[in-house]
Every structure is written in C-alpha cells, then in structure tokens.
Amino acid sequence: MNEKPQAEHLWLHRLLGEWNGQGEASGPPGEAPATWTAVQSVRKIGELWIQCESRTESADGPPDIMQITLGYDPAKGRYVGAFAGSMMTQLWVYEGQVEADGRTLTLDTEGPDFSSGATRRFQDIVEMIDDDTHELRSRMLGDDGQWQPVMSVRYTRKR
C-alpha cells in the first residue's frame, strides 16, 4: 500500500492533458479507409495510474467512447491496464513494456478478429512523438505471422 511512483509511472504522466486526434482504420480491399476526429482527456488516478477517455466523431456513425486505464506493476516488471469501448462488449486486458527507444509503449492483448470472431493476438502501441504529439496504433497478428494494422489515431495537445 502507498507505493511510491517509479520512473515507469512517470513515463505515463507524459500523456496527461487534453488532446485532439485524427483517426484512420483500413477498410475492405478497394475501399477508402474510415476516418474520424477524436478528443482525448488523460488524468491521473493518484500517482500510479492514468485514465484516458477518448470520444470519436465520424461522418458515418454515432460517437464512440473509449477508456484506457494504465499503470505499472513493479512485481511483474510490466505495464498493465485495460481498454473498454462503447462499441464492443470485449474488455481488452493489457500487459506490456516501453521499448528500447524510450518513447514507444507496446501493450499486448487478445481479442476477437472482427472478421471471423476467432481469438487473435493484438497490440496497442502508444508512441510519444514529442511532448505535444502521441499516436495510438492497433494491430492484429494474422495467420501468416505478420502484424496487420487495424487503426491509428494521432493526437496533438490542445493549447
């Protein structure tokens, strides 16, 4: 109880604030990608956790709300968290690490392939481009062993 924040917790604090985003998801072959705008609010839960809430707006559907909670578990030596979205019933449970570049957090999870329903490995990747820009990318591991992009959102800090 009353753990002190470590460097890994402080890495997450870089995401704190209010953000505007532009998103894109690949569609079926031959079709244009789906695009949307987003706003994101990231706040601390004490010093050890952050909570990200994103709201999207697109031309072809109702707004979606997504929440990501992230922290660092020193006992596991890994970042941990969860993702829930208003558009799906799946709770995505994360475990991951910051890559050697010091700016990319790769979060491993499992969930349904949106085409077949089969359980697949996924990664959500948070990359700190600079202090005022970050990107969230999702990808799925295909049958061929290659990572396939699912979607990406680039966020810029509100001024």
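How many nonpolar, polar and charged residues does the lining of the largest pocket have, by class? In this predicted model, the lining comprises 21 nonpolar, 11 polar and 4 charged residues. The pocket that these residues enclose has a volume of about 1000 Å³, and among the 36 residues that line it, Ala25, Met88, Phe114, Val150 and Met151 lie nearest its centre. Several strands contribute to this lining, with β2 (34-45), β3 (49-58), β4 (61-73), β8 (119-130), β9 and β10 (147-157) each supplying at least two residues; of the contributions to the lining, that of β10 is the greatest, at 6 residues.

Strand β9, which spans residues 133-141, contains Glu135. This residue is classed as buried because its relative accessible area is 13%, which falls under the 20% limit for that class. The side chain of Glu135 is joined to that of Arg137 by a polar contact of 2.8 Å. When residues up to four places away in sequence are not counted, Glu135 touches Ile125, Val126, Glu127, Val153 and Arg154.

Apart from the pocket, the packing of nonpolar side chains was examined. The largest nonpolar core has 28 residues, and those with the most contacts inside it are Leu12, Ile50, Ile68, Leu70, Tyr79 and Leu105. Strand β4 provides the largest share of this core, namely 4 residues. For Leu70, once neighbours within four places in sequence are left aside, the residues in contact are Leu12, Leu48, Trp49, Ile50, Val80, Gly81, Tyr94, Leu105 and Leu107.

Technical notes
Residues numbered from 1 in each chain as written. Predicted model: local features only at pLDDT ≥ 70, side-chain atom pairs only at ≥ 80, totals over all residues. Heavy atoms only, no water. Buried < 20%, exposed > 50% of the residue type's maximum accessible area, 1.4 Å probe, protein only. Polar contact = N/O pair within 3.5 Å; in protein donor to acceptor, adjacent residues only side chain to side chain. Contact = heavy atoms within 4.5 Å. 1 Å grid on protein atoms, 1.4 Å probe; cavity = no way out; pocket = protein on both sides within 12 Å on 5 of 7 lines; lining within 4 Å. Points joined across faces, edges and corners; volume = space filled by probe spheres on them. Nonpolar A, V, L, I, M, F, W, Y, C, P; charged D, E, K, R; others polar. Core = buried A, V, L, I, M, F, W, Y, C linked by side-chain atoms within 4.5 Å.
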